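Please look through the structure shown below, and then follow the explanation from its helices to its domains and its cysteines.

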Amino acid sequence: MIKFNLFVLPFSFGLVFIVYSIVIHYYRWIKALPAVDKVKLASGVRNPSKVLASLKEIFLEGLLHRSLWKRNPLLGYMHMSFALGWFLLIVVGNLESRIYHGSHINAPYYPIFLKFFIHDRLVLFFEIFTVPAFFRFIMDFILLFVLSGLVLAFIKRKKSKWFGMTKTTNHSLYDRITLSCLWLIFPMRLLAESYTAGYFGGGGGFLTQNLGKLLVAITPGSSEMIAYFFWWSYSLVLGLFFILMPNSRYMHIPSEMLLIVFRHCGIQPKKWGSSFSSLEAHSCSRCGVCIDACQLNFAAGITNIQAVYFIRGLREQCVPENIALTCMVCGRCQEACPVGIKVDSLRLIKRREIGSGQVSDFSYLKNGHPGFADVVYFAGCMSHLTPSIPIAMEGIFKEAGVNYLFLDRSGSICCGRPLMLAGKDKQANELIEFNKILIRQTRAKLLVTSCPICYKVFREEYNLPIRIQHHSQYLLELVKDGRIALQSQHRRVVYHDPCDLGRGGNIYEAPRELLGKISDLVPAVKECADALCCGGSLGLLNTPVKKKDELTKNALEYLLKDRPDILVTACPLCKKTFSKHSGTEVRDIAEMVHDAIPGRLIRKTLAAKEPARLLAD
Amino acid sequence: MENTVIVIGGGISGMTASGMLALQGMKVTLLEKEAETGGHVARWDRLFPDRKKAAEVLDFAREGMKNVNVVTGAEVTGISWHDKGFTVTSGIMQPASSVPGPESLIANSGSLINEIAAGESNYTARALVLAMGFDLFEARKKEEYGYGIYNNVITSADLEEKFKSGKDILTSEGKIPARIGFVHCVGSRDEKVGNLYCSKVCCVTGVKQAIEMKEMYPSAEVFNFYMDLRMFDRHFEELYYEAQQKWGVSFIRGRLAECAENPDGTIILKTEDTLTGKPLKMTVDLLVLLSGFVPASGTAKIAGMLGLQRGTDGFVNSADSHSMNNLSGIPGVFLTGALKGPISISEAIADARATALLLADYLKSGKP
């Protein structure tokens, strides 16, 4: 039996190239892992439950595309038909080839081009119930499955909205060429198999056999040459695709598999980057889901900095500075990413490269003992711009009889996170060390902060031996412990989730529960993990104020849709930012709680006069 | 109908314009939404640079308005125009306190109903003068300065009110302030509150008020925190020199960052002395915020009714800022005063007279 033809060479060459390339990539990623991560990987791959969990996720995400299904069924089906369909074509094709060849060691091209080598006819009626006919049917069916995805992919070019996407990725020329190769593979296979089946009068299934008959009938001067042309084309696009793949978006296929294994072994991104981050960058499929999630896109019309373009820049090792710096680090794209890439950490790694050169002088910070207390309160610099928040907190502390210490009452020292967002970690660490000493000296058991930005950095970077709470958690605890009694004002309020408290700190429930006790809370259009950034993000480093204003106004439109009496947030920066544009009163949750202490309201009404009139007459 | 004009806004601009128009024999109706004419000038004690009594300027303007039909408490609710001219509809408003009804006790809600419409009136005229003026920047928006939160933080307008009352100016604790701070550019030249423009007159107001505080309390220390001092008109620079040389007022170049309150009610300021390049912390007994100009609340509404163009700063754009600064682009609609941007009183008076002259010519010739 003939088992070779020259046209298999392009495919075979491509296959050798891609296998070699993937092995090299895997080897480099694993070899470059920090020692601790290598240990994690080694023990992880020996742990059957972790291996199983990885395989399960590879199947669910890599082949079925579960997270895309959840986002939009049409989008999920499209990706699934390509991934699962192609996978099945390879696996089932391999099984099919074994019927015709007993050896276990077939040439890799043999199953791929099987229909070129095998074209036996069905002579008798009952033969349609035989194993070969069954395989022909199945293989045709799978091919049809893949082609249905291809049709959807074409439709998606024009009608992306049907697929739940408003804006799609603007791909590079290289990616578009690779994509064209990928898209050509399956029609070429269909044509090659069909024409061959038609020409030889057998060997095809319900799809290829019938299409083949038609093709032979309509092609003038039908000849084996035409079949060759199709087989050569099929092999060439396959080979070309494999050669282009390592530098294209499709490298995400092998990368994501390894990434899933790494994650299941407990490997985390490193502050200054590691091969894990490089692997993450390669795992981006450039699907563009992050573009729609990004407020800079839909609210401010900035369309070239989204995660997909930033990560593409990382892979090409040229990230323009403005792409690295124009980002709110709000975490919305990270939340939407179907691959689960930690985009924010990638962005910060890049910023560290850019920002680490500068020097700061903190010699003006004075040492001194802050005093002792049970609870240490850190308002944060932003709260100093919204003094009604610390004033409310102090009122509540006094009402509850808490032995507290206002650590940054007069000399606020930055928590360090704004510097970290700008990539200046070394400078931030100086502040962190300074603050740590102060906090330790108080011998407090609990640190309460009014600022989610501080809250995040206290938890993630400070390594403090005491509890850390944002004031929304703390106030709820005070209420639950019966240390403060509150009276609902029955005002209609909407709650805005600050980025660093919600997506950054995973605190969604405490503020809602608290507000439920003191007001009539109405839901926001986009909330919790889907909440919008107020536009004041400290992470947005080089964007004009006008653009930030657009972000704020857009977020306000969503928040105030139901015309609440008050817009409540739990972050001084959000409050400050919204106050600039909001026609509706903006308040912090601490102010709301302070006002809900019975007796407070009357006292406040009496005092709510113009300050000028308060000057003694 | 021949020579009829409606002036919207009864501040110094609208008063001067209507007086000048009446002087030329026109029938003028002035619509003012407040209970009294006089606008911001009526709330001011003395004016820069010569410390003239604001009341005298108003008296002079009122003198010329004897033949003007002044309607106060009239808020414009609609404007229509037709071949004969314009019809302005205004609701007559009266204070809520005079209307029986449930009183809202909720403070700080910002939604107290102050006035209740009592009826509507129509006024018809061949030409309109828009003189809605400006509002003072709401200093509460700079929450970090503590206005409305700390008792010893007041605005320049609050201070003028105190000057006007003739009483001693004391802190909320009833003490004579030993240290007084003036903060320039509150709500002006500040992208963070959305106002990029300079309000022009606050610099010299700050200098004038600093001198007045020194006159009242010669031993008090007075500090002005400024970005730069724009002494643009005649005698202004001399006043600035006087403040330094005669009165010993200190000028510190640096924008105020934030304030905090001490338990004794004094105010801690955090700023930077940008001439020495050092962060600065200081305690004062009284802090005065020099609030800038913002477009009057009615400007957007009335500009919308007429389809007038406004700049990104919210002020109304004239047909040409050099040669047709009193024309709106709509025949018969004239613009005067601070609705076109920050302006001093003397400039407002000159602008109003120019408007009256052009308007008279328009009514005579029928051409804008």
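Angles between axes of over 145 degrees count as roughly antiparallel, whereas those under 35 degrees count as roughly parallel. With that cut-off in mind, the reader can turn to chain A of this model, which is predicted, and find helix 5 of chain A at residues 73–100 and helix 8 of chain A at residues 131–158. These two helices pack at an angle of about 155°, and their axes are 8 Å apart; helix 5 of chain A and helix 8 of chain A are therefore roughly antiparallel to each other. Their crossing is left-handed, and the residues that make up the contact of helix 5 of chain A with helix 8 of chain A comprise 26 nonpolar, five polar and three charged ones.

On the scale of the whole chain, the domain assignment of chain A gives domain 1 as 8–31 + 64–247, domain 2 as 375–479 and domain 3 as 485–607. Between the C-alpha centres of domain 1 of chain A and domain 2 of chain A there is a distance of 59 Å.

Which cysteines help to show why the structure holds zero disulfides over all chains? A disulfide calls for a pair of cysteine sulfur atoms within 2.5 Å. The closest cysteine sulfur to that of A:Cys290 belongs to A:Cys333 and is 6.2 Å away, which is too far for a bond. A:Cys290 is also buried, because its relative accessible area is 11%. For A:Cys381, the closest cysteine sulfur is in A:Cys414 at 4.5 Å, again too far for a bond, while A:Cys381 itself is partly exposed, with a relative accessible area of 26%.

Terms used: Residues numbered from 1 in each chain as written. Chains lettered and ligands numbered in written order. Predicted model: local features only at pLDDT ≥ 70, side-chain atom pairs only at ≥ 80, totals over all residues. Heavy atoms only, no water. Axes fitted to C-alpha atoms, helices over the stretch in contact; angles between N-to-C directions. Helix = DSSP H or I, 4+ residues; strand = E, 2+ residues; numbered from the N terminus. Parallel < 35°, antiparallel > 145°, perpendicular 65-115°, else oblique. Left-handed = near helix turned anticlockwise from the far one by under 90°. Nonpolar A, V, L, I, M, F, W, Y, C, P; charged D, E, K, R; others polar. Domains from an automatic or database assignment. Buried < 20%, exposed > 50% of the residue type's maximum accessible area, 1.4 Å probe, protein only.
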